Amino acid sequence: MSRPIQEYLNSLVNKQRIYYLDLNNHLQKQGYQCSTCHQNLAGKCENCNTKNKQLTGEITNLSEFNHLKGVNASNNSLTNLNFLNTLPNKAKLKGINLFGNQITEIDFAELFTKFPNLAGINLQNNPISAKNLNNLTTQQFNQLVNHFLKK
């Protein structure tokens, strides 16, 4: 069963109270627990009627998430980071996990300027290339190097 990722986000209630958004598209395997009801799973949660809930498409709007500090959107098919520009309080964002997407290009100078408190970013397993690296300040360059040396 798949569902458009933005449709899923729109259906969430109390968005203003969410600090960490988990949109990870991991397949549920036997021995795992349902993230909703915590029942042990064998591929399908009968309580919640979820079976490998796969989110599809792009995130387009996070404007109602006023207190978001972290986003895990790993293992999706996202192609860009434009959705982050819709966050109302960009200084609150501290971490993003975009492992295993289809992001092809990123402007780190723009990213670090718009999100000054970004302390962690995971872009592994993306066909990514960086652009405008010459626009990085010395501090931003050091921040970028530190992100990749921690891996």
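Author: Buried means under 20% relative accessible area. This is a predicted model, and in its chain buried residues make up 36% of the 151 residues.

Reader: How much surface does the chain expose, and what share of it do carbon and sulfur atoms supply?

Author: The exposed surface comes to about 8700 Å², with 48% of it supplied by carbon and sulfur atoms.

Reader: How many helices and strands are there in the chain, and in what order do the elements run?

Author: The chain has three helices and 10 strands. Starting at the N terminus, the order is β-α-β-β-β-β-β-β-β-α-β-β-α.

Reader: How should I read a sheet, and what is the order of the strands in the open sheet here?

Author: In general, the strands of a sheet pair through backbone hydrogen bonds, in either a parallel or an antiparallel way. Here, four strands form an open sheet in the order β2-β6-β7-β9, and the pairing is parallel.

Reader: Why do β2 and β9 each have one side without a neighbour in the sheet?

Author: β2 (20–22) and β9 (120–122) are at the edges and have a single partner strand each, so one side of each strand lacks a neighbour in the sheet. On average, neighbouring strands of this sheet are turned by 5° against each other, direction ignored.

Reader: Over how many bridges do β7 and β9 pair, and which residue in β9 is the bridge partner of G95?

Author: β7, residues 95–97, pairs with β9 in the parallel sense over three bridges. G120 in β9 is the bridge partner of G95.

Reader: What share of the contacts between residues at least 6 apart in sequence join residues at least 24 apart?

Author: Among those contacts in the chain, the share is 66%.

Conventions: Residues are numbered from 1 along each chain as its sequence is written. This is a predicted model: local features need pLDDT of at least 70, side-chain atom pairs count only at pLDDT 80 or more; totals for chains, interfaces and linings use all residues. Side-chain values use heavy atoms; hydrogens and water are left out. Two strands pair if DSSP finds at least two bridges between them. Helices (H or I, at least four residues) and strands (E, at least two) are DSSP runs, numbered from the N terminus. Axes are lines fitted to C-alpha atoms, for helices over the stretch in contact, and angles run from 0 to 180 degrees between N-to-C directions. Buried means under 20% relative accessible area, exposed over 50%, partly exposed in between (1.4 Å probe, protein chains only). Contact means heavy atoms within 4.5 Å. Accessible areas come from the Shrake-Rupley method with a 1.4 Å probe; for residues, only the protein chains shown count as cover.
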